[in-house]
Amino acid sequence: MNKLHIDSITKSFGPKKILRDIYMTCETGQIVALLGGTGSGKSVLLKIIFGNIKGDTQFIKFNNEVLTKPSDRRNKIAYLPQQPMFPKNTRIKNLIPLFCNPENTHKLFNDALLQPFLNRTVRNLSGGERKLVEVLTVIHSEAEFILLDQPYSGLSPILTEKVMKMIKELSKDKGFIISNFMTEYALELSDEIYFLHDGILKQIKDLNELQQHYYLPKSI
């Protein structure tokens with residue numbers, strides 16, 4: 001079992017404090033949900049964990065190794081941003097081997113969900129098709145920990161259920177941190193739930209506690 005330890009993360013943009021002394025952990029075999037409203041700082045937190053941006057303060061450790069540079073994350077942490085991540089003029093069949101080992105590349109090449117897109121370029125995919133290709137490629141990468149920022153955005157309910165099933169299966173050997181607006185999916189899939197509000201990250205025990213934070217209507 002491997003462990004990702006995230007501690008003492010702060011981030012401000014000008015006078016606005018986005019993240020205040022954030023602490024969380026994720027282990028392989030675990031799915032962690034990161035909930036919060038629009039602009040709460042979820043994407044900023046994931047980018048700091050991945051190394052795209054630096055926190056004002058931060059301490060990120062993989063097992064006993066402190067991660068200080070983006071290169072330290074290689075094959076340890078993979079990240080799916082909200083924005084398109086693949087070059088527009090590259091064929092899908094040429095992109096997948098850049099992220100996946102030969103075994104998982106072969107698996108995706110034979111996956112019925114991806115086969116229709118393998119010979120197409122990213123430019124010729126719809127928004128939902130692009131998101132599906134990106135999600136499946138990232139979750140099958142060699143990284144031990146997968147950060148997903150709104151992975152179901154643009155996917156149909158049927159595809160969302162299929163992707164969730166894959167994530168659950170892959171979580172036997174990987175750890176996932178998933179930022180998501182779709183609370184019902186987070187509650188269904190996750191082992192741990194964190195709620196980010198006003199720069200403070202709080203671990204949530206159950207649905208009632210989420211309702212106390214006014215994040216869910218009482219009828220859910």
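Is S153 buried, exposed or partly exposed, and what is its relative accessible area? S153 comes out as partly exposed, at a relative accessible area of 42%. Keep in mind for every view below that this is a predicted model.

**View 1. S153 sits in a loop, with Q82 across from it in the frame.** S153 belongs to the loop that runs between strand 7 and helix 5 (157-170). Its partner in this close-up is Q82, 71 residues away along the chain, with 8.4 Å between the two C-alpha atoms.

**View 2. F50 and Y79 make a tilted aromatic pair.** The model has three aromatic pairs. In the one shown here, the ring centres of F50 and Y79 are 5.4 Å apart and the planes meet at 35°, which is the tilted arrangement. F50 comes from helix 1 (residues 42-50) and Y79 from strand 6 (residues 77-80), so this contact links distant parts of the chain, 29 residues apart. As for burial, F50 is partly exposed because its relative accessibility is 22%, and the buried class needs a value under 20%. Y79, at 6%, counts as buried.

**View 3. F62 and F145 meet edge-to-face, with K76 over one of the rings.** The centres of these two rings are 5.9 Å apart and the planes stand at 85°, so the pair is edge-to-face. F62 is part of strand 4 (residues 57-62) and F145 is part of strand 7 (residues 145-149), so the pair ties together parts that are 83 residues apart in sequence. Both F62 and F145 are buried. Look for K76 too: this lysine lies over the face of F62, at 5.8 Å from the ring centre.

**View 4. Helix 3 has a buried face and an exposed side.** Which residues of helix 3 (residues 102-109) are buried? They are N104, T105 and L108. Looking down the helix axis, these fall within an arc of 105°, so they line one face of helix 3. That buried set packs against helix 2 (92-99) and helix 4 (127-139). Over on the other side, P102, E103 and H106 are exposed.

**View 5. N63 and D198 are two loop residues with positive phi.** Most residues other than glycine have a negative phi. N63 has a phi near 55°, a positive value, and is not a glycine. You'll find N63 in the loop between strand 4 and strand 5 (65-66), where it is partly exposed at 28% relative accessibility. D198 is not a glycine either, and its phi is positive at about 55°. D198 sits in the loop joining strand 9 (192-197) to strand 10 (200-204).

**View 6. The largest nonpolar core draws on helices and strands.** This core has 35 residues, and those with the most contacts inside it are I92, L136, I139, L148, I167 and F176. Two or more residues each come from strand 6, helix 2, helix 4, strand 7, helix 5, strand 8 (175-179) and helix 6 (183-189). Helix 4 gives the largest share, six residues. Zoom in on I92 and, leaving aside residues up to four places away in sequence, it touches F117, L118, R120, V122, L125 and V133.

**View 7. A second core stands separate.** This one holds 26 residues, including L45, L46, I177 and L201.

How values were computed
Residues numbered from 1 in each chain as written. Predicted model: local features only at pLDDT ≥ 70, side-chain atom pairs only at ≥ 80, totals over all residues. Heavy atoms only, no water. Phe/Tyr/Trp six-rings, centres within 6.5 Å; stacked < 30°, edge-to-face > 60°. Helix = DSSP H or I, 4+ residues; strand = E, 2+ residues; numbered from the N terminus. Buried < 20%, exposed > 50% of the residue type's maximum accessible area, 1.4 Å probe, protein only. Lys NZ or Arg CZ within 6 Å of the ring centre and 35° of its normal. Arc of directions from axis to C-beta. Contact = heavy atoms within 4.5 Å. Core = buried A, V, L, I, M, F, W, Y, C linked by side-chain atoms within 4.5 Å.
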